[in-house]
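Work through the exercises below with the sequence and the coordinates side by side. Each task is followed by a solution that goes step by step.

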Amino acid sequence: MTAIEIKAEIKKIVDEVPEESLAEILDFLKEVKNQSTGELQQSSNFKAVINKHRGLLKRLAQ
């Protein structure tokens, strides 16, 4: 998928998001814009680990 196609998909989704959520999305995009490539990769890796081990983390939290 090209950058133009991705931006078009993002625009479609944003157009369908409830108005109450738009400010949160804007804040998120601003955060992403200000992060370095390394920080983005770390965030992505962290999310992947959390998602992969969600069940274990829930059991440990109890």
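The exercises that follow concern a predicted model.

**Exercise 1. Describe the fold, and set the extent of the protein against that of a compact globule.**

Begin with the secondary structure: the protein has four helices and zero strands, and reading along the sequence gives the pattern α-α-α-α. Next, take the radius of gyration, which is 16 Å for the protein, whereas a compact globule of 62 residues would have a value near 11 Å. Then look at the C-alpha trace, which spans about 40 × 30 × 25 Å along its principal axes. Finally, turn to burial, where a residue needs under 20% relative accessible area to count as buried; of the 62 residues of the protein, 0% do so.

**Exercise 2. Find how many salt bridges there are, and place the partners of each.**

The count comes to two salt bridges, and they can be taken in turn.

Step one concerns Lys-12, which forms a salt bridge with Glu-9, the closest N and O atoms being 3.1 Å apart. Because Lys-12 and Glu-9 are three residues apart in helix α1, about one helical turn separates them. Lys-12 counts as partly exposed because its relative accessibility is 48%, and Glu-9 is likewise partly exposed, at 33% relative accessibility.

Step two concerns Asp-15, whose salt bridge is with Lys-11, with 3.2 Å between the closest N and O atoms. These residues lie four apart in helix α1, so Asp-15 and Lys-11 are separated by about one helical turn. The cut-off for exposed is over 50% relative accessible area; Asp-15 is therefore exposed, with 54%, and Lys-11 counts as exposed at 52% relative accessibility.

**Exercise 3. Identify the residues that make a nonpolar surface patch, and place Ile-10 in its helix.**

Start from the patch, which covers about 320 Å² and is made by Met-1, Ile-6 and Ile-10. Now locate Ile-10, which is found in helix α1, a helix that runs over residues 3–16. Its accessibility completes the step: Ile-10 counts as partly exposed because its relative accessibility is 44%. For the surface as a whole, the protein exposes about 5,900 Å², of which carbon and sulfur atoms supply 59%.

**Exercise 4. Place Gly-55 in the model, and state how far apart Gly-55 and Ser-36 are in sequence and in space.**

Locate Gly-55 in helix α4, which comprises residues 54–61. Gly-55 counts as partly exposed, because its relative accessibility is 39%. For the separation, Gly-55 and Ser-36 are 19 residues apart in sequence, while their C-alpha atoms are 30 Å apart in space.

**Exercise 5. State how many positive and negative charges the protein has, and how far apart their mean positions are.**

The protein has 10 positive and 10 negative charges. Taking the mean position of the positive charges and that of the negative charges, the separation between these two points is 9 Å.

Methods. Residues numbered from 1 in each chain as written. Predicted model: local features only at pLDDT ≥ 70, side-chain atom pairs only at ≥ 80, totals over all residues. Heavy atoms only, no water. Patch = residues over 30% accessible without salt bridge, like charges linked within 9 Å, V, L, I, M, F, W, Y side chains within 5 Å. Areas by Shrake-Rupley, 256 points an atom, 1.4 Å probe, with all protein chains shown as cover. Salt bridge = Lys/Arg side-chain N within 4 Å of Asp/Glu carboxyl O. Helix = DSSP H or I, 4+ residues; strand = E, 2+ residues; numbered from the N terminus. Buried < 20%, exposed > 50% of the residue type's maximum accessible area, 1.4 Å probe, protein only. Rg over C-alpha atoms; globule rule 2.2 N^0.38 Å. Lys, Arg positive; Asp, Glu negative; His and termini not counted. Charge placed at Lys NZ, Arg CZ, Asp CG, Glu CD.
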